[in-house]
Amino acid sequence: MRNDGMPPGEGGEDNIFAKELAPAPDRWMRRGTWIGVVLLLLVGVFFWLQGGENRALNAMAPSQRQALFQETHDEFQELCLLLDGGTTRFPKRCAQHADFLVRFPECDDVCKREAQPFLHPPTR
């Protein structure tokens, strides 16, 4: 018997020992597809979680939302507008209040103009 992996006298095409086995070409395609699906799902969950505050506000009863808006608006005016005449000692807190206020459907043009100086411009 020879030592090259083939039985003696057999070297034809039908010999399974003579054929090299290559991995299936679609193996990487399946892996890539699964990785793509998982990444797409993660991106979707991320964007869905970003809109959670808006969904919570829209799910509230109108009377509850109005009461929360009024309480938040009063606190914003007292903390950010009335105490220091617009120059606040609490810029982060006022920015959070302003961002929360403009999410309410009850926030009209006057409310948005009050909140505008405290909103951070979008960054890249």
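**Exercise 1. State the order of the elements along the protein, from the N terminus on.**

Step 1. From the N terminus on, the elements run α-α-α-α-α.
Step 2. The count is five helices and zero strands. Helices (H or I, at least four residues) and strands (E, at least two) are DSSP runs, numbered from the N terminus.
Step 3. This is a predicted model, in which local features need pLDDT of at least 70 and side-chain atom pairs count only at pLDDT 80 or more, while totals for chains, interfaces and linings use all residues. Residues are numbered from 1 along each chain as its sequence is written, and side-chain values use heavy atoms, with hydrogens and water left out.

**Exercise 2. Find which element has the lowest mean pLDDT and which has the highest.**

Step 1. pLDDT is the predictor's confidence in each residue, from 0 to 100.
Step 2. The protein averages a pLDDT of 76, and 70% of the residues score at least 70.
Step 3. Among the elements, helix H2 (residues 52–59) has the lowest mean, 71, and H5 has the highest, 87.
Step 4. Where pLDDT is low, the predicted coordinates should not be read in detail.

**Exercise 3. Locate the disulfides and describe each one.**

Step 1. A disulfide is taken here as a pair of cysteine sulfur atoms within 2.5 Å. In general, it is a covalent bond between the sulfur atoms of two cysteines.
Step 2. Searching the whole structure gives two disulfides. With bonded cysteines counted along the chain, their pattern is 1-2, 3-4.
Step 3. One disulfide is formed by Cys 80 and Cys 94, with sulfur atoms 1.9 Å apart. Cys 80 lies in helix H3 and Cys 94 in helix H4, so this pair ties together parts that are 14 residues apart in sequence. The torsion about the S-S bond of Cys 80 and Cys 94 is about -105 degrees, so this disulfide is left-handed.
Step 4. Buried means under 20% relative accessible area, exposed means over 50%, and partly exposed lies in between (1.4 Å probe, protein chains only). Cys 80 has a relative accessible area of 0% and is buried; Cys 94 is also buried, at 0%.
Step 5. The other disulfide joins Cys 107 to Cys 111, S to S 2.1 Å. The torsion about the S-S bond of Cys 107 and Cys 111 is about -95 degrees, so this disulfide is left-handed. Both Cys 107 and Cys 111 are buried.

**Exercise 4. Describe the largest nonpolar core and name the elements that give two or more residues to it.**

Step 1. A nonpolar core is a set of buried Ala, Val, Leu, Ile, Met, Phe, Trp, Tyr and Cys residues joined through side-chain atoms within 4.5 Å.
Step 2. The largest such core has 14 residues, and those with the most contacts inside it are Phe 69, Phe 76, Cys 80, Phe 104 and Phe 118.
Step 3. Helix H3 (62–82), helix H4 (91–101) and helix H5 (109–115) each give two or more residues to this core.
Step 4. In soluble globular proteins, nonpolar side chains tend to be buried together.
Step 5. For the whole protein, buried residues make up 18% of the 124 residues.

**Exercise 5. Compare the surroundings of Gln 96, His 97 and Ala 98 in helix H4.**

Step 1. Gln 96 is exposed, with a relative accessible area of 51%. The C-alpha atoms of Gln 96 and His 120 are separated by 9.7 Å, and these residues are 24 residues apart along the chain.
Step 2. His 97 counts as buried, at 8% relative accessibility. Contact means heavy atoms within 4.5 Å. Leaving aside neighbours within four places in sequence, His 97 is in contact with Thr 72, Glu 75 and Phe 76.
Step 3. The side chains of His 97 and Glu 75 are joined by a polar contact of 3.2 Å. A polar contact is a pair of N or O atoms within 3.5 Å; within protein, one must be able to donate a hydrogen and the other to accept it, and residues adjacent in sequence count only if both atoms are side-chain atoms.
Step 4. Thr 72 is in helix H3 and is buried, at 9% relative accessibility. Not counting residues up to four places away in sequence, Thr 72 touches His 97, Phe 100 and Leu 101.
Step 5. Ala 98 is buried, at 0% relative accessibility. Beyond neighbours within four places in sequence, Ala 98 is in contact with Phe 76, Ala 115, Phe 118 and Leu 119. Ala 98 and Phe 76 are 7.4 Å apart, C-alpha to C-alpha, and 22 residues apart in sequence.
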